[in-house]
Amino acid sequence: MALVGKGVLQGMGLTLRTFLETYPWGRGLLRVLGRSIKDGLVTVQYPDVKQQHHERFRYFPFLVYDGAPENLRCVSCKICEQECPPQCIHIVGPAKDEQGRPLKANGRTYPVKFDIDVSICMSCRICVDVCPFDAIEMDNQYELSGMDRFDAMNFTKEKLLKSNEYFQQIKPTEAGEVDQRLAAKAAKASPKPAGAPPQNPAAPTP
Ligand code: SF4
Ligand code: SF4
């Protein structure tokens, strides 16, 4: 018979253990009980000392570009703007020429304006999850204080743009998965060379 509330008890146990790990006497007690000791909760002398954040730590979103800032992945589809719960994304676009035809950079349409009001953003990551183009990701930069109360909190396209190399640097696991996904998509979309035999996934492998 499953123990009712087992998860709650496990959570309380973890909280108690973290509490004990935080103090020297608690660590001593855990040692006496033969328990392994991790880090506990510690206060560091910020800003002189900065904690290493987990790779999945997230703060505000940024827009990813490949190679050069004009090669942004965002095609201005506005799905993220529609899905953002507090409605803090504002997009103007896609960019068009005088005849109203969409302009393209690196084969893709792009937004004229892409602003995020980070004073409203709640770091929920929904914009990342709904983006079909892996064009927006969560940054881990949290030292963002500014002297201007309004402009400093409105992140424009220019401020939001960061390279894929930056993404790989701050979140190597996630960026690697995205790279693989995009490479698979590109391989699927690329035209097959003339005379290439048709692929048959059901064919037995030698
Ligand atoms: S970030 Fe993604 S979802 Fe948002 S407009 Fe650009 S392509 Fe569309
Ligand atoms: S993280 Fe959430 S609140 Fe912030 S811009 Fe994305 S969808 Fe909106």
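A residue is taken to be near a molecule or strand if its C-beta atom, placed from the backbone, lies within 6 Å of it. By that criterion 14 residues surround ligand 2, and those that come nearest are Cys84, Cys121, Cys124, Ile126 and Cys127. This is a predicted model, in which local features need pLDDT of at least 70 and side-chain atom pairs count only at pLDDT 80 or more, while totals for chains, interfaces and linings use all residues. Residues are numbered from 1 along each chain as its sequence is written, and chains are lettered from A and ligands numbered from 1 in the order in which they are written.

**Domains**

- The protein is divided into domain 1, residues 14-43, and domain 2, residues 61-172, with bounds that come from an automatic or database domain assignment.
- Taken over C-alpha atoms, the centres of domain 1 and domain 2 are separated by 42 Å.

**Ligand surroundings**

- The shell around ligand 2 comprises 12 nonpolar residues, one polar and one charged, where Ala, Val, Leu, Ile, Met, Phe, Trp, Tyr, Cys and Pro count as nonpolar, Asp, Glu, Lys and Arg as charged, and the others, Gly among them, as polar.
- Around ligand 1 stand Cys74, Val75, Ser76, Cys77, Lys78, Ile79, Cys80, Ile91, Cys131, Phe133, Ala135 and Ile136, a shell that divides into 10 nonpolar residues, one polar and one charged.
- Lys78, one of the residues around ligand 1, is placed in the loop between strand E1 and helix H3 (79-83); helices (H or I, at least four residues) and strands (E, at least two) are DSSP runs numbered from the N terminus.
- Lys78 counts as partly exposed because it has 17 C-beta neighbours inside 10 Å; a residue is buried if 20 or more other C-beta atoms lie within 10 Å of its own, exposed if 12 or fewer, and partly exposed in between, with C-beta atoms placed from the backbone.
- Between Lys78 and Gly7, which are 71 residues apart in sequence, the C-alpha to C-alpha separation is 40 Å.
- Ile126, among the residues that come nearest to ligand 2, belongs to helix H4 and counts as partly exposed, with 14 C-beta neighbours inside 10 Å.
- Leaving aside residues up to four places away in sequence, Ile126 touches Glu83, Cys84 and Pro85, contact meaning that the C-beta atoms of two residues, placed from the backbone, lie within 7 Å.
- Although Ile126 and Pro85 are 41 residues apart in sequence, their C-alpha atoms are 8.1 Å apart in space.

**Helices**

- Helix H1 (residues 6-22) has 17 residues and reaches 25 Å from its first C-alpha to its last, close to the 24 Å expected at 1.5 Å a residue, the expected span being 1.5 Å times one less than the number of residues.
- H1 is hardly covered, since the count of buried residues among its 17 residues is zero.
- The axes of H1 and helix H2 (residues 24-32) come within 5 Å and cross at roughly 115 degrees, where axes are lines fitted to C-alpha atoms, for helices over the stretch in contact, and angles run from 0 to 180 degrees between N-to-C directions.
- In this contact Phe19, Leu20, Glu21 and Thr22 of H1 meet Gly26, Arg27, Leu29 and Leu30 of H2, and the residues involved divide into four nonpolar, two polar and two charged.
- The number buried among the nine residues of H2 is zero, so H2 lies largely in the open, and H2 is followed by Gly34, whose phi is positive, near 75 degrees.
- Helix H7 (residues 172-189) has 18 residues and reaches 25 Å from its first C-alpha to its last, close to the 26 Å expected; H7 is also hardly covered, with a count of one buried residue.

**Loops and backbone geometry**

- The peptide bond from Tyr46 to Pro47 is cis, with omega near 10 degrees, and Pro47 is found in the loop between H2 and strand E1 (61-65).
- A cis peptide bond also joins Gly93 and Pro94, with omega about 5 degrees, and Pro94 lies in the loop between strand E2 (89-92) and strand E3 (104-105).
- Asn106, in the loop between E3 and strand E4 (108-109), has a positive phi near 55 degrees and is partly exposed, with 13 other C-beta atoms within 10 Å.
- Asp134, in the loop between helix H4 (126-130) and strand E6 (136-138), has a positive phi near 50 degrees and is buried, with 20 other C-beta atoms within 10 Å.
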